[in-house]
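Colleague: I would like a close look at one part of this model, namely how its charged side chains pair up. Please take the surroundings along where they help.

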Amino acid sequence: MSFRRPVPTIGDPTSAAERAAAPDAWALTDDLASLERVIGARRDIRRFRPDPVPDDVLAAVLTAGHRGPSVGHSQPWRFVVVTEAATRDAAALMADRCRLRQAAGMAEESARGLLDLRLEGIREAPVGVVVACDRRTPAAGVLGRATFPDADLWSCAAAIENMWLTARAHGLGLGWVTLFEPAELKELLGLPDGVETLGWLCLGWPDERPPEPGLERAGWSRRLPLEQVVMHERWTERDAPTSHLRAPAPDRFVAARDRSDELLTVPGSLGVLDAVLDRVTALPAVDGPGTLLVAAADHAVTAYGISAFDASVTADVARAMREGTSMGAVAARAAGLDVELVDAGIDCARGDLVTTDGLDEMTYAALLALGRERGQALAAAGPVALGEVGVGNTTVAAAVAAALLELPAAEVVGRGSSADAAMVERKRDVVTRALARVARAEAELSASEAVRRLGGAELAVLTGVVLGVAGAGGVVVLDGLATSVCALAATRLEPAVAAHLVAGQRSREKAHALVLRELGLEPLLDLRIRAGEGVGAALATGLLKDGLALRDGVARTS
């Protein structure tokens with residue numbers, strides 16, 4: 001039976017099928033030639049007629065600026081419209097002073113060229129518009145500015161371009177003058193603290209109609225050929241990183257999203273799970289019951305009193321897992337997952353991190369290869385959930401996280417399982433000493449060396465598993481901090497791995513949220529789980545499989 005697609009009464013009414021059938025249907029084809037003419041004819045005008053600018057034309061120019069794109073839709077621009085002759089004269093005097101000061105610091109020929117440039121537009125143009133940027137909202141409070149704090153200024157520059165093109169379409173001239181001391185112009189206009197200017201826009205009917213840009217016509221410079229300013233993939237002076245993996249092609253991601261658009265439900269109705277399902281169904285190896293792979297190993301670092309449990313617990317949990325009675329094994333069975341246990345070093349404690357590396361190079365290479373082989377073999381059987389068993393490995397994982405994230409021990413060390421305040425302090429001390437030891441030997445620690453020198457045997461195996469599953473086109477579902485730092489190391493080695501990762505949960509470990517953020521992943525579960533053994537990954541994989549079943553069973557629209 002076919003159902004009609006629910007069409008929203010507001011917003012975008014189109015369907016994925018419509019967009020796929022005509023991806024260029026959004027084009028304003030009839031207006032393209034006019035747009036190209038306006039862009040090509042835009043000029044920085046310096047000579048103006050005294051005729052007034054009609055109010056409706058001025059409003060059209062200002063409206064175009066106000067329709068500009070802005071970071072976080074913050075609309076930081078403020079337009080100060082100046083028509084008083086006294087203010088224009090004061091601004092022109094400021095610009096003249098700055099022009100002379102700048103010329104004094106230039107080579108003679110360049111200085112003469114600058115002095116020949118006309119700036120009388122500030123006095124001649126009937127309207128001046130000063131675009132000011134209101135920066136009083138903290139950058140961290142505006143979407144997009146926390147990482148690029150100057151994006152508000154870029155937004156104002158985009159508004160100016162809108163105004164410039166609109167003015168040209170109306171036959172108005174616009175000249176952008178930035179020969180000002182910002183503090184002087186700010187004082188002239190009475191701008192409050194936290195508001196910055198982007199210079200002065202002269203606006204009026206042009207008394208010149210230059211066929212090419214003024215500075216180009218004056219021999220100041222010329223426009224570079226397009227091929228000199230366009231680079232592909234990366235800056236051309238830098239070698240491309242070596243990578244042996246490729247993320248799924250974009251058309252697979254789009255096709256997966258298109259299929260979800262056909263469901264008889266609101267787009268994105270499953271929240272984070274929907275985004276994960278789109279990504280997972282774009283991968284070639286999804287079908288199958290899946291596997292919980294758990295790697296187990298002991299750690300010599302437990303000798304420093306960093307765990308509340310005896311090292312023998314590792315072997316006990318591993319034995320229960322083989323028998324199918326451990327927490328991880330039972331959770332896996334409930335999710336319909338097979339279980340595979342890899343003994344990476346039970347009853348075989350290696351380096352203690354503080355005085356020696358966690359693994360020697362030969363052992364690390366062998367364990368990494370073992371993990372890669374198991375990952376490749378399991379990928380075709382469905383999602384691969386990861387787990388680990390190893391008393392003391394939250395300390396080990398914190399050390400690797402600190403190295404990969406370049407953070408001090410205090411920012412990554414958490415409680416682990418049942419640690420008290422004194423034990424947490426010992427853990428911080430161990431991680432600090434371990435980081436100091438490797439820092440003396442190398443200026444920069446690679447991801448592989450971080451896992452080898454600061455990690456442990458199960459982390460080496462799990463890093464290999466992540467690489468192997470991703471290489472075979474499969475899905476990796478992460479558990480807690482230890483599995484996530486392995487995924488982070490794998491993405492540093494092969495960036496395309498990231499497309500194959502699912503954050504099963506966010507644990508209570510302090511560094512876990514930081515590692516997931518570095519991976520760009522949102523967790524499916526946030527239950528403060530601290531069980532280890534892949535319990536969280538198994539529960540999340542069950543949820544993932546339920547989501548896939550929902551998509552298979554829900555009615556489709558036409």
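Modeller: Arg 47 is partly exposed, with a relative accessible area of 31%; buried means under 20% relative accessible area, exposed over 50%, and partly exposed in between, using a 1.4 Å probe and protein chains only. The model is predicted, so local features need pLDDT of at least 70 and side-chain atom pairs count only at pLDDT 80 or more, while totals for chains, interfaces and linings use all residues. Residues are numbered from 1 along each chain as its sequence is written, and side-chain values use heavy atoms, with hydrogens and water left out.

The partner of Arg 47 is Asp 207, in a salt bridge whose closest N and O atoms are 4.0 Å apart; the term means a side-chain nitrogen of Lys or Arg within 4 Å of a carboxyl oxygen of Asp or Glu. Arg 47 sits in the loop between helix H2 (32-41) and helix H3 (55-66), and Asp 207 in the loop between S4 and helix H9 (214-217), so this pair ties together parts that are 160 residues apart in sequence. Helices (H or I, at least four residues) and strands (E, at least two) are DSSP runs, numbered from the N terminus. Asp 207 is partly exposed too, at 32% relative accessible area.

A second pair joins the side chains of Arg 556 and Glu 262, at 3.5 Å from N to O. Here Arg 556 belongs to the segment after helix H22 (535-553) and Glu 262 to the loop between H11 and helix H12 (272-281), so parts that are 294 residues apart in sequence are tied together. Both ends are partly exposed: Arg 556 has 32% relative accessibility, and Glu 262 has a relative accessible area of 35%.

Next to Glu 262 in sequence is Asp 261, which forms a salt bridge with Arg 5; their closest N and O atoms are 3.7 Å apart. Asp 261 lies in helix H11 (residues 250-261) and Arg 5 in the segment before helix H1 (16-21), so the pair ties together parts that are 256 residues apart in sequence. Asp 261 counts as buried, at 14% relative accessibility, and Arg 5 is buried at 17%.

The structure holds 30 salt bridges. Some of them form a network that links Arg 135, Arg 145, Asp 150, Asp 152 and Glu 196.

Two of those network residues lead to the strands. Arg 135 follows strand S2 (residues 127-134), which has 8 of its 8 residues buried, so S2 is largely enclosed by the rest of the structure. Its two faces are both covered: Val 127, Val 129, Val 131 and Cys 133 are buried on one side, and Gly 128, Val 130, Ala 132 and Asp 134 on the other. Glu 196 falls within strand S4 (residues 195-204), which runs antiparallel to S2 and is joined to S2 by 7 bridges; two strands pair if DSSP finds at least two bridges between them. In S4, Thr 197 stands opposite Ala 132. Strand S1 (residues 77-82) is also antiparallel to S2, with 6 bridges between them, and Val 81 has Val 129 of S2 as its bridge partner.
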